[in-house]
Every structure is written in C-alpha cells, then in structure tokens.
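Colleague: I've got the model open and I keep tripping over the vocabulary. Can you take me through the terms and show how each one is decided?

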Amino acid sequence: MGIIAWILIGLLAGFIAKALMPGRDPGGVIITILIGIAGGLLGGWLGKVIFGVDSIDGFFDLSTWIAAIVGSMILLALYRVFTGGRRRA
C-alpha cells in the first residue's frame with residue numbers, strides 16, 4: 001500500500017479508536033491522525049508477531065482495518081496515560 005493509503009487508513013482508524021474510547025484528549029485532529037497511522041503500523045506488526053499472520057494485506061481487507069484500529073486504541077490509551085489528561089489552556 002502507498003503512503004496515501006496509510007494516511008487515509010490512519011485518519012479513519014484514529015477517529016474510530018477515539019469513538020470507541022470516549023473521553024477528552026489533549027490532542028487534536030493532527031494527533032489523532034498521527035496516532036492512527038502509527039497504530040496501523042503497530043497493529044500490523046503485533047498481528048505478525050503474535051498470530052503469525054500478515055494482517056496488512058490490502059486497503060479493503062478487514063484484517064488491515066482491525067489491526068489499524070486495535071493498534072490505534074493501544075496508542076491512544078498510552079497517549080492518555082503519558083499525558084495524564086492534561087488539557088490545553
């Protein structure tokens with residue numbers, strides 16, 4: 001998949017992860033996109049390491065989206081832990 005596809009998947013996976021994990025975050029849209037992109041990569045890597053499957057097969061493959069959303073949720077949870085719920089003034 002190309003970089004544009006990763007950005008699109010990251011954008012959508014970040015928004016879905018944020019919807020599944022409600023709460024106020026100190027980050028905005030840019031942080032959501034970055035968490036989503038990194039989460040997609042993390043989810044794909046974890047799927048390969050833990051389950052031994054290639055979870056990043058294609059843009060329309062369900063395993064790609066599940067890996068991206070789960071990875072985004074993990075990173076969003078870590079982001080909330082490390083920022084401590086700080087909000088911008």
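Modeller: Sure, starting with burial: a residue is buried under 20% relative accessible area, exposed over 50%, and partly exposed in between, using a 1.4 Å probe and protein chains only. Keep in mind that this is a predicted model, where local features need pLDDT of at least 70, side-chain atom pairs count only at pLDDT 80 or more, and totals for chains, interfaces and linings use all residues. Residues are numbered from 1 along each chain as its sequence is written, and side-chain values use heavy atoms, with hydrogens and water left out.

Colleague: Why is Ile66 called partly exposed?

Modeller: Its relative accessible area is 46%. That value falls between the 20% and 50% limits, so Ile66 is partly exposed. You'll find Ile66 in helix 3; helices here are DSSP runs of H or I with at least four residues, strands are E runs of at least two, and numbering goes from the N terminus.

Colleague: What makes Ser72 count as buried?

Modeller: Ser72 has 0% relative accessibility, so it counts as buried. Ser72 also sits in helix 3. Leaving aside neighbours within four places in sequence, Ser72 is in contact (heavy atoms within 4.5 Å) with Ala13, Gly14, Ala17, Ile35, Gly36, Gly39 and Gly40. Among the buried residues of helix 2 are Ile35, Gly36, Gly39 and Gly40.

Colleague: How do you know that the length of helix 2 agrees with what it should be?

Modeller: The expected span is 1.5 Å times one less than the number of residues. Helix 2 covers residues 29–51, and its 23 residues should span 33 Å; the end C-alpha atoms are 31 Å apart, so the two agree.

Colleague: Which residues make up the largest nonpolar core?

Modeller: Ile9, Ala13, Trp65, Ala68 and Ile69, 5 residues in all. Helix 1 (3–20) and helix 3 (62–83) each supply at least two of them, and helix 3 gives the most, with 3 residues. A nonpolar core is a set of buried Ala, Val, Leu, Ile, Met, Phe, Trp, Tyr and Cys residues joined through side-chain atoms within 4.5 Å. Leaving aside neighbours within four places in sequence, Ala13 is in contact with Trp65, Ala68, Ile69 and Ser72.

Colleague: And how many helices and strands does the protein have?

Modeller: There are 3 helices and 0 strands, running α-α-α from the N terminus on. Buried residues make up 34% of the 89 residues.
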